[in-house]
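Q: I would like a close look at one part of this model, the place where its two chains meet. Could you walk me through it slowly, as you would at the bench?

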Number of protein chains: 2
Amino acid sequence: MPAKNVNDIIALCKRRGFIFAGSEIYGGMGGTYDYGPYGVELMKNIRDAWWNSMVYSRDDVVGLDAALITNKLLWKYSGHEAGFSDPLVECKKCGARMRQDKMRDAKKCDACGSTDLMEPRAYQLMMGLSIGATADGAVNAYLRPETATTTYTNFKNIIDAKPQKLPFGIVQIGKAFRNEISPRGFVFRMREFEQAELQYFVNPAEDEKYFDIWKTLRMQWWTDVMGIPANKLRFAPHEKLAHYAKAAEDIEYEFPDGFDEVEGIHNRKDFDLTQHTKSDDNKDSTTKLQYSDAQTGTTFTPYVIETAMGVNRCMFAVMLQSYTEETVGDGTRVVLKLKPALAPVKAAVIPLARNVPELLTISDEIVADLRKLGIGRIELENSGNIGKNYRRHDEIGTPVCITVDHQTMEDRTVTLRHRDDMSQERISIDDVKRRLLEII
Amino acid sequence: MPAKNVNDIIALCKRRGFIFAGSEIYGGMGGTYDYGPYGVELMKNIRDAWWNSMVYSRDDVVGLDAALITNKLLWKYSGHEAGFSDPLVECKKCGARMRQDKMRDAKKCDACGSTDLMEPRAYQLMMGLSIGATADGAVNAYLRPETATTTYTNFKNIIDAKPQKLPFGIVQIGKAFRNEISPRGFVFRMREFEQAELQYFVNPAEDEKYFDIWKTLRMQWWTDVMGIPANKLRFAPHEKLAHYAKAAEDIEYEFPDGFDEVEGIHNRKDFDLTQHTKSDDNKDSTTKLQYSDAQTGTTFTPYVIETAMGVNRCMFAVMLQSYTEETVGDGTRVVLKLKPALAPVKAAVIPLARNVPELLTISDEIVADLRKLGIGRIELENSGNIGKNYRRHDEIGTPVCITVDHQTMEDRTVTLRHRDDMSQERISIDDVKRRLLEII
């Protein structure tokens with residue numbers, strides 16, 4: 001059964017080295033987190049699974065990794081500079097600043113209860129930078145608030161480098177930044193976060209078809225690749241569409257506090273390419289962002305179907321879902337029942353006693369052999385405390401522990417201990433590689 | 001023979017979709033670059049090769065991925081806030097701003113030749129941010145200028161999550177930001193760049209031993225994994241050591257304009273952990289950053305051996321080195337002789353004629369089969385222009401092209417064409433997977 005509350009995961013993340021608060025030893029930096037040894041590996045495995053599914057498994061999608069620092073003009077024409085803001089309210093009495101739409105009572109300060117509040121003002125969510133040796137330190141660049149716009153502005157670069165036929169897609173995995181007034185929910189709403197986004201360019205006549213196809217594909221990825229049960233996921237159509245959108249639905253995961261967004265699928269029509277193309281309305285752009293169909297001889301602006309996932313939220317959902325507490329004997333076992341391909345450590349090799357040279361030599365051999373598989377992290381545990389090792393590897397989701405004992409020196413067999421049911425099997429050292437590959 | 005000048009690579013990068021100028025359609029954003037479809041894959045392969053060598057192949061190194069937005073206090077105690085600046089000179093006549101130590105003549109403006117210059121002032125290289133709903137928009141955070149400091153400040157988090165015995169290391173691959181007055185040399189000196197850094201914590205008595213070990217290991221990685229010939233690389237000891245350093249040597253690659261830095265190896269002593277530990281000199285830190293040796297019962301501050309590589313420079317060097325122009329018949333062939341494991345595309349499958357259903361069906365089968373290997377990008381080329389396809393795949397470094405022709409339908413054989421010597425072999429479809437794995 002998945003975690004009943006978020007605090008279980010937050011505690012596990014700190015205890016076992018998945019996620020720490022950003023700048024922690026200096027009192028933190030709100031809305032930022034540092035990913036520790038196992039968080040790094042889990043994030044990497046999620047990214048790789050996504051890239052594998054979205055790029056390597058397909059003929060029609062290519063990757064991109066655009067800079068985080070961007071010319072202000074991108075966000076003038078995307079509409080972010082004028083419209084990407086939250087309503088900020090300041091209390092005249094205590095000086096507290098709050099997001100109006102998140103206040104407990106829009107008329108009273110959340111901090112001191114005063115009703116003496118300033119009028120709400122638009123608070124820009126983009127983070128400004130002053131780049132180059134400017135005279136006055138004025139903001140002349142932004143950290144990108146999403147990856148999508150930097151994909152649109154590279155549209156022509158990419159089709160010039162290799163001609164593409166519709167439909168085709170461009171993906172990015174990368175950081176984005178939003179100066180949230182109130183970051184919240186652990187890694188759910190951060191100021192610095194990671195997106196995995198596809199912009200899929202289609203003939204306008206086929207937009208609805210591909211919107212539906214991508215809805216299906218993305219939901220399948222969540223269930224089949226991430227291992228989230230279908231009944232914990234749902235589609236949630238947006239109640240109010242953005243002015244440029246023809247359709248928009250979120251994929252929501254059932255967090256302990258209820259369903260909330262982990263991915264969005266949007267039909268953005270030709271809004272973005274039209275905004276950024278060189279035109280009478282955009283004399284700053286140097287480039288036409290259009291598509292020429294060699295067969296029909298027509299030139300037009302494709303529609304865009306976007307799938308936009310939060311990678312941090314994905315990891316959060318995967319951890320919540322795989323977190324399990326089980327009663328074992330008179331104690332409780334915490335185990336992270338991750339899909340083996342996502343596990344931060346693929347196998348742990350554990351000599352039964354510490355610093356026994358013969359056991360260590362065989363263990364080293366097994367470790368070296370497994371590392372040749374190129375399947376990720378293989379850990380050697382030389383603490384001699386097997387109970388503690390099992391417990392730790394259960395909590396970080398290692399699918400199998402391989403124990404080397406005195407019998408190993410006699411018959412070259414080891415014990416394979418399985419994470420989910422704690423069952424053990426005795427197998428030959430020569431079969432370890434094959435069994436591990438079967439499990440992963 | 002490698003590229004004779006940088007412009008060959010810049011042109012190839014744009015033409016084939018490796019690297020584009022950042023924010024290009026809006027006139028650019030100095031010192032930033034966007035990585036296109038093949039640049040993304042090459043960077044990913046370099047990162048994976050590094051992580052594989054530094055983390056997955058070892059027992060004593062773990063990963064970390066810290067936030068880019070950081071509390072200002074990190075950089076107060078690291079010394080960056082006071083000392084990380086360049087001398088900026090402004091011309092009173094034309095207003096040009098220049099880095100004094102890079103001026104052609106320190107007494108004359110580079111832009112207009114005037115000698116009427118302002119006194120040089122210290123120009124802060126860190127990029128400031130105003131995070132949260134502050135009243136005045138004052139800078140209260142920095143984008144990190146390197147990854148190392150965010151590793152030191154997580155030292156205790158990491159050893160608390162899993163006890164480590166000296167020597168052990170923590171690595172990060174991630175972005176860093178420096179507001180260079182004059183970015184230069186394509187991706188050589190950027191404002192936004194990527195580092196791959198190891199901080200290896202050692203007993204102070206063993207610092208020199210591990211400094212030498214890491215020098216050797218890192219040089220081996222450049223030659224054996226990146227494929228750079230040893231005579232194009234050299235160690236360059238720093239002429240003047242930083243005040244905290246006991247030893248510092250760069251690994252330099254011979255760029256077309258001469259040897260220049262691609263990695264640094266430093267003995268930083270206990271400077272960083274001491275700076276950031278809670279002490280009388282640092283009352284802002286909440287945490288002791290020290291190491292307790294369970295066997296001897298002593299507590300002390302380890303020394304740090306750092307290896308710091310620029311990932312963008314690494315890709316640049318790898319491309320320069322593998323770039324080759326060859327005379328073929330009456331024309332010139334450009335080929336990127338990358339190590340096959342680094343190639344952005346592992347194989348291209350090419351039906352000899354376009355839109356012939358039988359050829360396409362077999363090609364699709366081969367592609368699907370190769371994709372199951374999980375070795376990266378496999379491309380299907382359905383343009384029917386085999387000469388153009390070979391040329392393109394030579395330029396992006398694809399190790400093999402697999403051509404499907406009419407004979408394939410009769411005897412299920414295909415032509416394997418090798419990138420480096422253009423030799424061709426006819427093999428059975430059933431052997432393609434095995435041959436490709438041999439080559440990669």
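How many residues of chain B are in contact with chain A, and how many residues of chain A do they touch?

A: Happily! Before we start, a word on how to read the model. This is a predicted model, in which local features need pLDDT of at least 70 and side-chain atom pairs count only at pLDDT 80 or more, while totals for chains, interfaces and linings use all residues. Residues are numbered from 1 along each chain as its sequence is written, chains are lettered from A and ligands numbered from 1 in the order in which they are written, and side-chain values use heavy atoms, with hydrogens and water left out.

Now to your question: 89 residues of chain B are in contact with 88 residues of chain A, where contact means heavy atoms within 4.5 Å. The size of an interface is often given as the accessible area lost when the parts come together. Here the buried area is about 7100 Å², and carbon and sulfur atoms give 54% of that; buried area is the accessible area (1.4 Å probe) that two parts lose on being put together, summed over both. Three residues, B:I25, B:Y26 and B:Y56, supply 13% of the area that chain B buries against chain A, more than any other three residues.

Next, the polar side of the interface. The rule finds 10 salt bridges across it, a salt bridge being a side-chain nitrogen of Lys or Arg within 4 Å of a carboxyl oxygen of Asp or Glu. The side chains of A:E379 and B:K162 form a salt bridge, with 3.2 Å from N to O. Also across the interface are 46 residue pairs in polar contact, both residues at pLDDT 80 or more. A polar contact is a pair of N or O atoms within 3.5 Å; within protein, one must be able to donate a hydrogen and the other to accept it, and residues adjacent in sequence count only if both atoms are side-chain atoms.

On the side of chain B that touches chain A, helix α2 (residues 37–56) gives the most, with 10 residues. Helices (H or I, at least four residues) and strands (E, at least two) are DSSP runs, numbered from the N terminus. That side of chain B divides into 37 nonpolar, 24 polar and 28 charged residues. In this scheme Ala, Val, Leu, Ile, Met, Phe, Trp, Tyr, Cys and Pro count as nonpolar, Asp, Glu, Lys and Arg as charged, and the others, Gly among them, as polar.

How are the two chains arranged? A turn of 180° and a shift of 0.0 Å along the axis lay chain B on chain A with an RMSD of 0.0 Å. The two copies are thus related as by a two-fold rotation axis. In chain B, the C-alpha nearest that axis belongs to B:L129, 3.3 Å away from it. For this, copies are superposed by least squares on the C-alpha atoms of residues with pLDDT of at least 70 in both. Of the interface residues of chain B, 99% are also interface residues in chain A, so the copies meet through the same surface.

One backbone detail is worth a look in each chain. A cis peptide bond joins A:L166 and A:P167, with omega about -10°, and A:P167 is found in the loop between α6 (155–161) and β10 (168–177) of chain A. In chain B, a cis peptide bond joins B:L166 and B:P167, with omega about -10°.
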